[in-house]
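Trainee: I would like a close look at one part of this protein, the nonpolar core. Could you walk me through it and then show me how it fits with the rest?

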Amino acid sequence: MRHTISVLVENKPGVLARVAGLFSARGYNISSLAVSETLDPTVSYITMVIEAKDEKVLEQIKKQLNKLIDIITITDFTKKEHVDRELILVKINYSSKSKAKLDSLLDKQVSKIIYSKGDSAIIEVVGEQEPLKQLLVILNEQFGIKELVRSGRIAMG
């Protein structure tokens, strides 16, 4: 099962490496990772999506994180009410003839064309993972995806 965990950490060199090292040393996979400063530049916010087979594994992960000295707080969003989003930039094959078709498709999403030139367009899409996956399938089928960049999931309770 996938779990979304956020960790407030002291914004110091090596903290992210220690957090990631904790997971790799124990054979856990981080399927999504997003890190940024908070309003306080001495604190960073890490959001991770991890695979954990059961609650025992998840509890072990949280206990191991709590042992790291630079950790301030850990929040597990798995059973909490929260909002999560991901940002995707996707470059597709595009022509002015297909603009109406693309606009119709993007109207159903939080998305917009942010750049177009020649035979390509770059689209910005924000949303939950499942609808984004479905949109990517459609974009690939109807336009062809040239390039794709994803931010990783972020969450807030």
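Mentor: Happy to! Let's begin with the largest nonpolar core, which has 17 residues; those that touch the most other members are V7, V19, F23, M48, I50, I61 and L65. At least two residues of this core come from each of β1 (2-10), α1, β3 (43-51) and α2. Please keep in mind that we are looking at a predicted model.

F23 is a good residue to click on. If you set aside the neighbours within four places in sequence, F23 is in contact with Y28, I30, M48, I50, I61 and L65. Four of these partners, M48, I50, I61 and L65, also appear in the list of core residues that touch the most other members. A second core lies apart from this one: it has 15 residues, including L105, A121, L135 and L139.

Now place the cores in the whole chain. The protein has 4 helices and 9 strands, and from the N terminus on they follow the order β-α-β-β-α-β-β-α-β-β-α-β-β. Of its 157 residues, 36% count as buried. Contacts that reach far along the chain are frequent here: among those between residues at least 6 apart in sequence, 72% join residues at least 24 apart. The C-alpha trace spans about 55 × 35 × 30 Å along its principal axes.

Next, let's turn from nonpolar contacts to charged ones. The model has 12 salt bridges, and one of them joins D70 to R18, with the closest N and O atoms 2.4 Å apart. D70 sits in the loop between α2 (55-67) and β4 (71-76), while R18 belongs to helix α1 (residues 15-25), so this pair ties together parts that are 52 residues apart in sequence. Notice that α1 and α2 are also among the elements that supply the largest core. The two partners differ in how covered they are: D70 counts as buried, at 8% relative accessibility, whereas R18 is partly exposed at 39%. Both residues also belong to a network of salt bridges that links E10, K12, R18 and D70.

Another salt bridge connects the side chains of K91 and E147, at 3.6 Å from N to O. Here K91 lies in strand β5 (residues 83-93) and E147 in strand β8 (residues 145-150), so the pair ties together parts 56 residues apart in sequence. K91 is partly exposed, with 27% relative accessibility, and E147 is partly exposed too, with 43%.

For a local example, look at K99 and D103, whose side chains meet in a salt bridge of 2.9 Å, N to O. Both lie in helix α3 (residues 99-106), 4 residues apart, which is about one turn of the helix. K99 is partly exposed at 39%, and D103 is partly exposed at 28%.

Finally, let's visit the surface. L87, L89, I114, Y115 and V149 make up a nonpolar patch there, with about 410 Å² of accessible area together. Two or more of its residues come from each of β5 and β6 (110-117). L89, for instance, lies in strand β5 and is partly exposed, with a relative accessible area of 33%. For the protein as a whole, the accessible surface is about 9,400 Å², and 54% of that belongs to carbon and sulfur atoms.

How values were computed. Residues numbered from 1 in each chain as written. Predicted model: local features only at pLDDT ≥ 70, side-chain atom pairs only at ≥ 80, totals over all residues. Heavy atoms only, no water. Salt bridge = Lys/Arg side-chain N within 4 Å of Asp/Glu carboxyl O. Buried < 20%, exposed > 50% of the residue type's maximum accessible area, 1.4 Å probe, protein only. Core = buried A, V, L, I, M, F, W, Y, C linked by side-chain atoms within 4.5 Å. Contact = heavy atoms within 4.5 Å. Patch = residues over 30% accessible without salt bridge, like charges linked within 9 Å, V, L, I, M, F, W, Y side chains within 5 Å. Areas by Shrake-Rupley, 256 points an atom, 1.4 Å probe, with all protein chains shown as cover.
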